[in-house]
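Reader: I would like to learn how to read a structure like this one, feature by feature. Could we take the helix first and the sheets after that?

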Amino acid sequence: MADIQRKGSRLRLSGGVFTLPILELWDVDAADLGRELLDREGRLPDLLQGAGLVLDLANWSDTDTDALARSVASLRELGCTVVGVRQASAGLCEAAQRLGLAILRGRDPGASPPPTATNVATPPSRILDQPVRSGQRVYARHTGLVCLGAVNAGAEVLADGHLHVYGALRGRAMAGVSGASEARIFCHSLEAELVAIAGIYSTLDSQHPQWGRPSQVYLDNDALHIIPLES
């Protein structure tokens, strides 16, 4: 989206790309949301703290409008910032708008990809030859990402394809961002606070058996696996 600014105006409208956690709700009963989301110490996962949250309503019916209101209220009481919904029916969209939520109309990651010409080559992976600093965010759109240095704590690296880190992987790492469940994460030292493949994520700490070790992360039957990276 190009920047839009009228001559002499103090306002400028521009576009940006942001990573938002998506919460898929299979049960419209909001009573157990706290038990499902809070950790053993009664805190929200780091992924949900201070970030916008999108609700995926693909499994909800058009008549679940009251349940949506209860779920949003419960999530907000837990400290979640619900900003919008996706894959919602017309009735749920109207209910979401009454709750002040945005309607996100991105393509369903599980849907068939649009047809592409067979003679169009896949773009080569993006290569970073410098460490990724704290607070920095790097997104390799439509391709993989190769980090030759470390990814520091507080940084975020994302790729639509595979993610390779030839140093310590700290911060947050996400592969298959556009829904490619076959994408993987490879690193020489796993020290990340969060890893995710195609939206399925896991938070980590120093108690994880792969902490500080060469590791790979992959998705199998919607379950995230973190295993040693064999030499």
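Author: We can start with the length of a helix, keeping in mind that this is a predicted model. Helix 2 covers residues 65-77, and at 1.5 Å a residue its 13 residues should span 18 Å; the end C-alpha atoms are 19 Å apart, which agrees.

Reader: Which residues of helix 2 are buried?

Author: Here a residue is called buried when its relative accessible area is under 20%. In helix 2 that applies to Ala67, Leu68, Ser71, Val72, Ser74 and Leu75. Viewed down the helix axis, these buried residues fall within an arc of 165°, so they line one face of helix 2.

Reader: Which exposed residues does the face turned away from the buried side of helix 2 carry?

Author: That face carries Asp66 and Glu77, both exposed. Just after helix 2 comes Gly79, which takes a positive phi of about 105°.

Reader: How should I read the sign of phi?

Author: Most residues other than glycine have a negative phi. A positive value in such a residue is therefore a point to look up. Gln87 is one case, with phi near 50°.

Reader: Where is Gln87 found, and how exposed is Gln87?

Author: Gln87 lies in the loop between strand 3 (81-86) and helix 3 (90-98). Its relative accessible area is 29%, so Gln87 counts as partly exposed. His142 also has a positive phi without being a glycine, at about 65°. The loop that holds His142 runs between strand 6 and strand 7. With a relative accessible area of 57%, His142 is exposed.

Reader: Now the sheets. What holds the strands of a sheet together?

Author: Strands of a sheet pair through backbone hydrogen bonds, and the pairing is either parallel or antiparallel. One open sheet here has 5 strands in the order 6-8-10-12-13, with mixed pairing. Its edges are strand 6 and strand 13 (200-203); each has a single partner strand, so one side of each is left without a neighbour in the sheet. Direction ignored, neighbouring strands of this sheet are turned by 10° against each other on average.

Reader: How many bridges join strand 6 and strand 8?

Author: Strand 6 (residues 137-140) pairs with strand 8 in the parallel sense over 4 bridges. Two residue pairs can be located on screen: Ala140 stands opposite Ala159 of strand 8, and Val138 has Val157 of strand 8 as its bridge partner. Strand 8 is also joined to strand 10 (residues 172-175) by 3 bridges, again in parallel. There, Leu158 stands opposite Met174 of strand 10.

Reader: Which way do the residues of strand 8 point, and are they buried or exposed?

Author: In strand 8 (residues 156-159), Glu156 and Leu158 point one way, while Val157 and Ala159 point the other way. All of them are buried, Glu156 included.

Reader: What is the strand order in the sheet of 6 strands?

Author: The order is 5-7-9-11-14-15; this sheet is open too, and its pairing is mixed. Strand 5 (126-128) and strand 15 (223-228) are the edge strands, each pairing on one side only. From one strand to the next, the twist averages 20°.

Reader: Which strands of that sheet pair with strand 9?

Author: Strand 7 (residues 145-147) is joined to strand 9 by 3 bridges, and the two run parallel. Cys147 stands opposite Val165 of strand 9. Strand 9 also pairs with strand 11, in the parallel sense over 5 bridges. One bridge there links Leu163 to its partner Ile185 in strand 11. Of the 7 residues of strand 9 (residues 163-169), 5 are buried, so strand 9 is largely enclosed by the rest of the structure.

Reader: Where can I see antiparallel pairing?

Author: Look at strand 11 (residues 185-190) and strand 14 (residues 215-220), which pair in the antiparallel sense over 3 bridges. Cys187 has Ser215 of strand 14 as its bridge partner.

Reader: One last feature: rings. Which ring does the charged end of Arg184 sit over?

Author: The ring is that of Tyr218; the charged end of Arg184 is 4.4 Å from the ring centre. For pairs of aromatic rings, with centres required to lie within 6.5 Å, the count is 0.

Methods. Residues numbered from 1 in each chain as written. Predicted model: local features only at pLDDT ≥ 70, side-chain atom pairs only at ≥ 80, totals over all residues. Heavy atoms only, no water. Phe/Tyr/Trp six-rings, centres within 6.5 Å; stacked < 30°, edge-to-face > 60°. Lys NZ or Arg CZ within 6 Å of the ring centre and 35° of its normal. Expected span 1.5 Å × (residues − 1). Buried < 20%, exposed > 50% of the residue type's maximum accessible area, 1.4 Å probe, protein only. Arc of directions from axis to C-beta. Pairing = 2+ DSSP bridges. Axes fitted to C-alpha atoms, helices over the stretch in contact; angles between N-to-C directions.
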